Amino acid sequence: MTTHHHIHPTTPRQRRERYLEAIDPAQPIRLGLIHNPRAGRAHRWVDRVRLSRILPENGRIMTTRHETEVPVALERLLLEEQVNVIAIHGGDGTIHTTLNALWELLDKLQVPGQPLLPLPSIIF
């Protein structure tokens with residue numbers, strides 16, 4: 001399969017197709033990280049450095065300092081970077097905000113009359 005990085009899907013149909021392509025179980029694991037450095041122990045820089053070593057591309061590490069940044073970060077990971085596993089590194093608020101943003105994104109991608117969209121794998 002050819003992957004097209006940093007393509008910005010513009011129509012709802014393109015966005016939905018891009019999402020379904022990314023989370024297809026036949027695809028290799030592509031891990032993306034939502035990182036909140038202000039949450040609890042997550043503020044330690046060494047954590048981010050350690051986490052960045054396991055991710056092959058820094059484009060898949062989204063540092064969010066405020067909850068309003070999470071939906072954009074999540075959309076970039078899922079639709080542009082085409083990750084199929086989301087790791088959340090932060091506190092309860094980061095987890096809560098990320099899960100809510102995921103539901104909102106899936107709701108926007110949903111087409112009436114079509115089956116519900118599957119969730120990506122999520123690691124806390």
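This report walks through a predicted model, from its sheet to the helices and a few single residues.

## The sheet

Let's start with the strands. Four of them form an open sheet in the order β2-β1-β3-β4, and the pairing is parallel. The edges belong to β2 and β4; each has a single partner strand, so one side of each has no neighbour in the sheet. From one strand to the next, the twist averages 20 degrees.

Looking at the pairings in turn, β1 and β3 run parallel and are joined by five bridges. Along this pair, L31 sits opposite V85 in β3, and L33 sits opposite A87 in β3. On the other flank, three bridges link β3 with β4, again in the parallel sense, and I86 has I122 as its bridge partner in β4. To get from β3 to β4 the chain passes through α4, and this β-α-β crossover is right-handed.

## Strand β3, covered on both faces

Strand β3 spans residues 85-89, and five of its five residues are buried. If you turn the model to look along this strand, you can sort its side chains by direction: V85, A87 and H89 point one way, while I86 and I88 point the other way. Both sets are buried.

## L33 in strand β1

L33 is a handy residue to click on in strand β1, which covers residues 31-35. Is L33 buried or exposed? Its relative accessible area is 3%, which is under the 20% cut-off, so L33 counts as buried. In sequence L33 and M62 are 29 residues apart, yet their C-alpha atoms lie 6.0 Å apart in space.

## The helices on the sheet

Two helices can be placed by the strands they lie across. Helix α3 (70-80) lies across β1, β2 and β3, and runs at about 175 degrees to β1. Helix α4 (92-109) lies across β1, β3 and β4, running at about 150 degrees to β3.

In α3, the buried residues are V70, A73, L74, L77, L78, L79 and E80. What do they pack against? Their partners are α1 (12-22), β1, β2 (61-63), β3 and α4. Just after α3 comes Q82, which has a positive phi of about 55 degrees.

## One side of α1

Helix α1 has its own buried set: R15, R16, R18, Y19 and A22. These residues cover an arc of only 160 degrees around the axis, and therefore they lie on the same side of α1. The buried residues of α1 pack against α3 and α4.

## The largest nonpolar core

The largest nonpolar core holds 19 residues, and the members that touch the most others are Y19, I34, L74, L77, L78, I86 and L109. At least two core residues come from each of α3, β3 and α4. Which element gives the most to this core? That is α3, with six residues.

Some of these names have come up already. L74, L77 and L78 are among the buried residues of α3, Y19 is one of the buried residues of α1, and I86 is one of the buried residues of β3.

## Two residues to inspect: T98 and L117

T98 is found in helix α4. With a relative accessible area of 3%, T98 is buried. Setting aside its neighbours within four places in sequence, T98 contacts I34, V70, L74 and I88. Of these partners, V70 and L74 are among the buried residues of α3, and I88 is a buried residue of β3.

L117 lies in the loop between α4 and β4 (121-123). Why does this loop residue count as buried? Buried means under 20% relative accessible area, and L117 has a relative accessibility of 10%, so L117 meets that limit. Not counting residues up to four places away in sequence, L117 touches R16, Y19, L20, L106, L109 and Q110. Within that group, R16 and Y19 are among the buried residues of α1. L117 and D107 are ten residues apart in sequence, with 8.6 Å between their C-alpha atoms.

How values were computed: Residues numbered from 1 in each chain as written. Predicted model: local features only at pLDDT ≥ 70, side-chain atom pairs only at ≥ 80, totals over all residues. Heavy atoms only, no water. Helix = DSSP H or I, 4+ residues; strand = E, 2+ residues; numbered from the N terminus. Buried < 20%, exposed > 50% of the residue type's maximum accessible area, 1.4 Å probe, protein only. Contact = heavy atoms within 4.5 Å. Pairing = 2+ DSSP bridges. Right-handed = clockwise from strand over helix to strand, strands pointing away. Core = buried A, V, L, I, M, F, W, Y, C linked by side-chain atoms within 4.5 Å. Axes fitted to C-alpha atoms, helices over the stretch in contact; angles between N-to-C directions. Arc of directions from axis to C-beta.
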